[in-house]
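User: Could you take a close look at one pocket for me and then walk me outward from there into the surrounding fold? I work at the bench, so a friendly, connected tour would suit me better than a list.

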Amino acid sequence: MTSLGTPSSYKGRGATYDPHNRFAPTRSEEEDDGWWREEASTTIATEVREEVSKSALSWNRSPDLPFDRSLNPYRGCEHGCVYCYARPSHAYWDLSPGLDFETKLIARSGLVERLSEELCHPNYVCRPINLSGNTDCYQPLEATYQTTRRLLELLLECRHPVTLVTKSTLVLRDLELLAEMAEHRLVRVFVSLTSLDANLKRTLEPRAASPQARLRAIRELNTAGVPVGALISPVIPGLTDHEIEKLLEAASRAGARTAAWMLLRLPYEVAPLFEAWLEAHYPERAAKVMSLMRQCRGGKAYDAKFGKRFRGEGVFADLIAQRFARASRQWNMQDRTEQGLNTRDFRPPRAQQDLFI
């Protein structure tokens, strides 16, 4: 896999290059042979292809997660958050976790039909489904495909509870639908907040909604009666950790009633991508940020062990946890939970239709 060049940044993109796909059988690198060549473009168009879904639900047994099943309408994410832990998954489709992840997207067709079939299985047990377990279900692609909306319509029809995480104001398009689900205790929405600094957001999360727009989404969801919380994630030591208290205050004032946090995760190719981003945009902080990350990860850039991957360990990680807990108490924020959602009224999608067959 060849790179697209090595400019310090691409317009509207988070990654600064395409790292090698670790599953590819061969590897190629660009070498300057001394001949003149045109400079690489700093603009990359988004490409979308469709994938026919063979299944809908993804299952996990992680003790770190409050859910055991999730739905992902799209692979890759145009938001382009450089720190996204889902980037390495793009390698499974013979694509790079770097620029490919945010420019070569996959829309899953037939997902609603597959979900309907799985919910009808005789052994299916109803528990909350998480939307956006991997990538944002309300990324810009959703405006065209509307897969998330159709999934929510199906879940409302069969009275199945769902939680979703987003950093997009497109969630407000479905406000009436979400409000109806809330009346039946079928939904909780978590809006991801990383920083209140709009300038930082432009490079860290280039195509995600602005901090103020996300707070507006929290406000409007709360006003409509939709239970909404704030996910302060990722907390980046030396870059965003100083905002924890301000983020919780802003979220509370906007109407969030629950909050959770996660430490920056740098699995596989994400670590070099994030370090390259730091050198391109915050070179004066790069060494400090990575030093603090390693202090929180037992001397490594990342530790994937259960119980540690979301929180880290050590003095600095403990300090973050204490500050978050104190600020949460100050603003009456409750812990994130899937408890309380209604699973008793679930009815398989075809239950009523089968009566007339």
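Analyst:
**The second largest pocket and what lies around its strands**

The second largest pocket has a volume of about 260 Å³. Please keep in mind throughout that this is a predicted model. Thirteen is the size of the lining: 13 residues border the pocket, and those nearest its centre are Asp 64, Ala 260, Trp 261, Met 262 and Arg 311. Which element gives the most to that lining? Strand E10 does, with four residues. E10 covers residues 258–263, and it makes a good starting point for the tour.

From E10 we can step to its partner, strand E9. The two strands run parallel and are joined by five bridges. If you would like a pair to find on screen, look for Val 235, which stands opposite Leu 263 in E10. The route between these strands goes through a helix: after E9 the chain passes through helix H8 (residues 244–254) before it reaches E10, and this β-α-β crossover is right-handed.

E9 also pairs with E8. Again the strands run parallel, and five bridges join them. Here Ser 192 is the residue to look for, standing opposite Leu 231 in E9. How much of E9 is covered? Eight of its eight residues are buried, so the strand is described as mostly covered. As background for reading such a sheet, side chains in a regular strand alternate between the two faces.

E9 has one more backbone detail for you. The peptide bond running from Ser 233 to Pro 234 is cis, and its omega is near -10°. Pro 234 belongs to E9, which spans residues 228–235.

Back along the chain, just ahead of E8, there is another backbone feature. Arg 185 is not a glycine, yet its phi is positive, at about 55°. Arg 185 sits in the loop between helix H5 (175–183) and strand E8 (187–193). Is this residue buried, exposed or partly exposed? Its relative accessibility is 39%, which means that Arg 185 counts as partly exposed. Asp 94 offers a second case: here too phi is positive, at about 60°, in a residue that is not a glycine. You will find Asp 94 in the loop between strand E4 (74–75) and helix H1 (99–103). Because its relative accessibility is 54%, Asp 94 counts as exposed.

Now for the charged side chains. Side chains of opposite charge can pair when their charged atoms come close. The structure holds 23 salt bridges, and a few are worth a visit. One of them joins Lys 167 and Glu 205, with 3.6 Å from N to O. Lys 167 lies in the loop between strand E7 (162–166) and H5, while Glu 205 lies in the loop between helix H6 (198–204) and helix H7 (211–223), so this pair ties together parts that are 38 residues apart in sequence. Both Lys 167 and Glu 205 are buried.

Glu 205 has another partner as well. Arg 214 forms a salt bridge with Glu 205, and their closest N and O atoms are 2.6 Å apart. Arg 214, like Glu 205, is buried.

For a local contact within one helix, turn to Arg 114 and Glu 117. Their closest N and O atoms are 2.9 Å apart, and the two form a salt bridge. The residues are three apart in helix H2 (residues 111–119), which means that about one helical turn separates them. Glu 117 has 38% relative accessibility and therefore counts as partly exposed. A network of salt bridges can be found too, linking Glu 142, Arg 149, Glu 153, Arg 173 and Asp 174.

Finally, what about the cysteines? The structure holds zero disulfides. Take Cys 137: the closest cysteine sulfur belongs to Cys 77 and is 9.8 Å away, which is too far for a bond because a disulfide needs the sulfur atoms within 2.5 Å. Cys 137 has 0% relative accessibility and so counts as buried. For Cys 158, the closest cysteine sulfur is that of Cys 126, at 7.8 Å, again too far for a bond. Cys 158 is buried as well, with a relative accessible area of 1%.

Notes: Residues numbered from 1 in each chain as written. Predicted model: local features only at pLDDT ≥ 70, side-chain atom pairs only at ≥ 80, totals over all residues. Heavy atoms only, no water. Buried < 20%, exposed > 50% of the residue type's maximum accessible area, 1.4 Å probe, protein only. Salt bridge = Lys/Arg side-chain N within 4 Å of Asp/Glu carboxyl O. Pairing = 2+ DSSP bridges. Right-handed = clockwise from strand over helix to strand, strands pointing away. 1 Å grid on protein atoms, 1.4 Å probe; cavity = no way out; pocket = protein on both sides within 12 Å on 5 of 7 lines; lining within 4 Å. Points joined across faces, edges and corners; volume = space filled by probe spheres on them.
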